Amino acid sequence: MEEDDVTIREQNFHSQVREYIICFLLFAVLYLVSYFIVTRYKRKSDDQEDEDAVVNRISLYLCTFTLAVSGGAVFLLPFSIISNEILLSFPKNYYIQWLNGSLIHGLWNLVSLFSNLCLFVLMPFAYFFLESEGFAGSKKGIRSRVLETFVMLFLLALLILGIVWVASALIDNDAASMESLYDLWEFYLPYLYSCISLMGGLLLLMCTPVGLSRMFTVMGQLLVKPTILEDLDEQIYCVHLQEEALQRRLNGSSLHTHPRGSFTHQLNKDLDNIRNQKNKLERRKKASGWEKNLLYPIVMLILLTGTTISVLMVALNILYLLVDETAMPKGSTDRGIGNTSLSTFGVAQAALEIILMFYLMVSSVVGFYSLRVFKGLTPRKDDTTMTTIIGCCVSILVLSSALPVMSRTLGITRFDLLGDFGRFNWLGNFYIVFSYNMLFAVVTTLCLVRKFTSAVREELLKALGLDKLQLSNSPTDPESGKLSANGHQKTL
């Protein structure tokens, strides 16, 4: 009997060690990819050999850690769905015994823990540490900046806890809720993270429909559009004349004794825009026939199909919510992974769900940076400050942490939320879940209708040549009546 107990303890020990190693390897891969992404956009001028360099380096490591956690949150639900289908297909395979319910639940709990850690501790610390200078009268150095950062974090924690305490006391004023107000670990943090997840879900609701319509524009800029009723040679000739006219104006302004700096800067900016436009037209002219006439329509058709399927799945989920209470998103504490398939059509539907999740995540990021409010956070290659990188990492963390909840709420998948992701208070509210689905379906449909109607209108105007009439309404530069403010030549 004792030998059996020892054997069981050894098996549990080896299972725990194996799970820790797998989690570490997965996170190491995410960290390396995140480090490459952050260093690609980080401003090179920040690399200095002084006290600020140490602060920037620490903030860089914290941002990399946060971005890696965001990647883990994005891959969390797809990895769980794939694991469930693999265990169903190969239940007795020796080489996949490491893929079990304990590992999946452990990953969900780790992502939830690290998301809270990054959102409430690491990212505020990185921002305050980056902006700190030390208290007045104290000796300058890293120690003084760290002390100021911890003081700011303590004051911020008091402020947030006070706001949460007042909000929860106003919402739930019964005796049990009042007693739970003094429980920090079991009440405050889950309640606070539930509020953050709700805000993340609302942010996804605002960004994803915009991103789904914006994806067509983004792919249209990356690919070569078909040439329909367009004379590229004439357009290239016109742009070449505009480039020569701007170059002459720039050379003429440089000969002045006191050239205006703002005027010269505007001319250089317009010249760069004209050259970029010329390069795009030359690229369209040199593109092969299959790239223009086959690749572009196929990609647009794929995007349209993915968006349509997403809207249809949300519409079906709305009907399920009205007739079946099991359609409500809920958490699960069952560690049995691989017992039953949660997809009606098996592996094919599971693969479709995973593709739609990644598509929605990419669309939400595109929509986030397309909104006018968040355009200031758009990263630029080798020219992004650490403060902007911190803002980007926090935003992506909020979006990625809400992705599993949004996917389950919209009915993209039937996989139950595990760990702390299923403990959010608002998931059990029918009116919130139903309104969320309705708003997503309606707003996405309106964005797509507006996008395609405007695109068709622009193409018709371009095909008829009426788009050139807009040049006559452009403002005239005070120093020359030949060019508009955007550098377009009015009379060629």
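In this predicted model, Gln-247 makes contact with Leu-271 and Arg-275, once residues up to four places away in sequence are set aside. Gln-247 itself sits in helix H7, which covers residues 232-254. With a relative accessible area of 25%, Gln-247 is partly exposed, since the partly exposed class lies between the limits of 20% and 50%. Another residue to look at here is Asn-268, which follows 21 residues further along the chain; the C-alpha atoms of Gln-247 and Asn-268 are 8.8 Å apart.

Turning to the nonpolar interior, the largest core comprises 83 residues, and within it Trp-108 and Leu-303 touch the most other members. Helix H3 is the biggest contributor to this core, supplying 14 residues. A separate core of 6 residues lies apart from the largest one, and its members include Val-239, Leu-246, Leu-250 and Ile-274.

Helix H3 also deserves a look for its packing against helix H2. Two packed helices are described by the angle between their axes and by the distance between those axes. For H2 (residues 51-89) and H3 (residues 101-131), the angle is about 155° and the axes are 9 Å apart. H2 is therefore roughly antiparallel to H3, because angles over 145 degrees are placed in that class. The crossing of H2 past H3 is left-handed. Sorted by class, the residues in the contact of H2 with H3 are 22 nonpolar and 7 polar, with no charged residues.

Definitions and conventions
Residues are numbered from 1 along each chain as its sequence is written. This is a predicted model: local features need pLDDT of at least 70, side-chain atom pairs count only at pLDDT 80 or more; totals for chains, interfaces and linings use all residues. Side-chain values use heavy atoms; hydrogens and water are left out. Axes are lines fitted to C-alpha atoms, for helices over the stretch in contact, and angles run from 0 to 180 degrees between N-to-C directions. Helices (H or I, at least four residues) and strands (E, at least two) are DSSP runs, numbered from the N terminus. Angles under 35 degrees count as roughly parallel, over 145 as roughly antiparallel, 65 to 115 as roughly perpendicular and the rest as oblique. A crossing is left-handed if the near helix is turned anticlockwise from the far one by less than a right angle, and right-handed if clockwise. Ala, Val, Leu, Ile, Met, Phe, Trp, Tyr, Cys and Pro count as nonpolar, Asp, Glu, Lys and Arg as charged, and the others, Gly among them, as polar. Buried means under 20% relative accessible area, exposed over 50%, partly exposed in between (1.4 Å probe, protein chains only). Contact means heavy atoms within 4.5 Å. A nonpolar core is a set of buried Ala, Val, Leu, Ile, Met, Phe, Trp, Tyr and Cys residues joined through side-chain atoms within 4.5 Å.
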